[in-house]
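Okay, everyone, thanks for coming. Let me put the chain up on the screen, and then I'll walk you through it.

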Amino acid sequence: MLMIESLMAQDPETFEVDPSHDLDMVALFTSANHDAEMEANAIHGLMEANGIPSLVVGTPQIPSLEFQVQVPKARLEEAARVLAEAREAGPSAASEAERASEETGS
């Protein structure tokens, strides 16, 4: 019990708060289509693969609500460019990249 009391008596860590809105999450993708969850998860994977933090917002239990992929406001332009490039390249580019990564072992 003394150990718990000593831990509780310590001052909590102080964190620097970033007052800017650069870390605010904004929607990159929004859809209420029947395949919105699948598309949102694919976009989330694309963002993560490119080092862009993202969140999938939505619930499959209520299919009438939309799904979103949100990214930090400061990275929205970069995320939109990555998504546009992936859509332009199409599914064949994803297959080629996967095949190449399997061959090189990365």
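First, a bit of bookkeeping on helices and strands: these are DSSP runs, H or I over at least four residues for a helix and E over at least two for a strand, numbered from the N terminus. What you're looking at is a predicted model, where local features need pLDDT of at least 70 and side-chain atom pairs count only at pLDDT 80 or more, while totals for chains, interfaces and linings use all residues. Residues are numbered from 1 along each chain as its sequence is written, and side-chain values use heavy atoms, with hydrogens and water left out.

So, the layout. The chain has three helices and three strands, and reading from the N terminus the order is α-β-α-β-β-α. I'll call a residue buried if its relative accessible area is under 20%, exposed if over 50%, and partly exposed in between, using a 1.4 Å probe and protein chains only. On that scale, 18% of the 106 residues are buried. Accessible areas, by the way, come from Shrake-Rupley with a 1.4 Å probe, and for residues only the protein chains shown count as cover. The chain adds up to about 8,100 Å² of accessible surface, with 57% of that on carbon and sulfur atoms.

A contact here means heavy atoms within 4.5 Å. If you take contacts with a separation of 6 or more, 62% of them are between residues 24 or more positions apart.

Now the strands. Two strands pair if DSSP finds at least two bridges between them. Strand β1, residues 25-31, runs antiparallel to β3 with six bridges, and A27 has Q70 in β3 as its bridge partner. On β2, there are three bridges to β3, again antiparallel, and V57 is matched with Q68 in β3. How many of the residues in β3 are buried? Six of six, across residues 67-72, so to speak a mostly covered strand.

Let's zoom in on Q68, which sits in β3. Q68 counts as buried because its relative accessibility is 17%. Leaving out residues up to four places away in sequence, Q68 touches A27, F29, T30, L55, V56 and V57. There's also a polar contact, meaning a pair of N or O atoms within 3.5 Å; within protein one has to be able to donate a hydrogen and the other to accept it, and sequence neighbours count only if both atoms are side-chain atoms. The side chains of Q68 and Q70 make one at 2.7 Å.

Next stop, S54. You'll find S54 in the loop between α2 (36-49) and β2 (55-57). Is S54 buried or exposed? S54 is buried, because its relative accessible area is 8%. Its side chain makes a polar contact with the side chain of H44 at 2.6 Å. Again skipping residues up to four places away, S54 touches M25, H44, M47, E48, V69, Q70 and V71.

On to charges. A salt bridge is a side-chain nitrogen of Lys or Arg within 4 Å of a carboxyl oxygen of Asp or Glu. Searching the whole structure turns up three. One joins the side chains of E39 and R87, at 3.0 Å from N to O. That pair ties together distant parts of the chain, with E39 in α2 and R87 in α3 (residues 76-104), 48 residues apart. E39 is partly exposed, because its relative accessibility is 28%.

E85 and R81 form another, with the closest N and O atoms 3.2 Å apart. Both lie in α3, four residues apart, about one turn of the helix. E85 counts as partly exposed because it comes in at 46% relative accessibility, and R81 is partly exposed at 44%. Then there's E78 with R75, where the closest N and O atoms are 2.9 Å apart. R75 is partly exposed at 25%.

Last bit: A42. A42 is in helix α2, and at 49% relative accessibility A42 counts as partly exposed. Its C-alpha is 10.0 Å from that of V56, with their positions 14 residues apart along the chain.

That's my tour. Questions?
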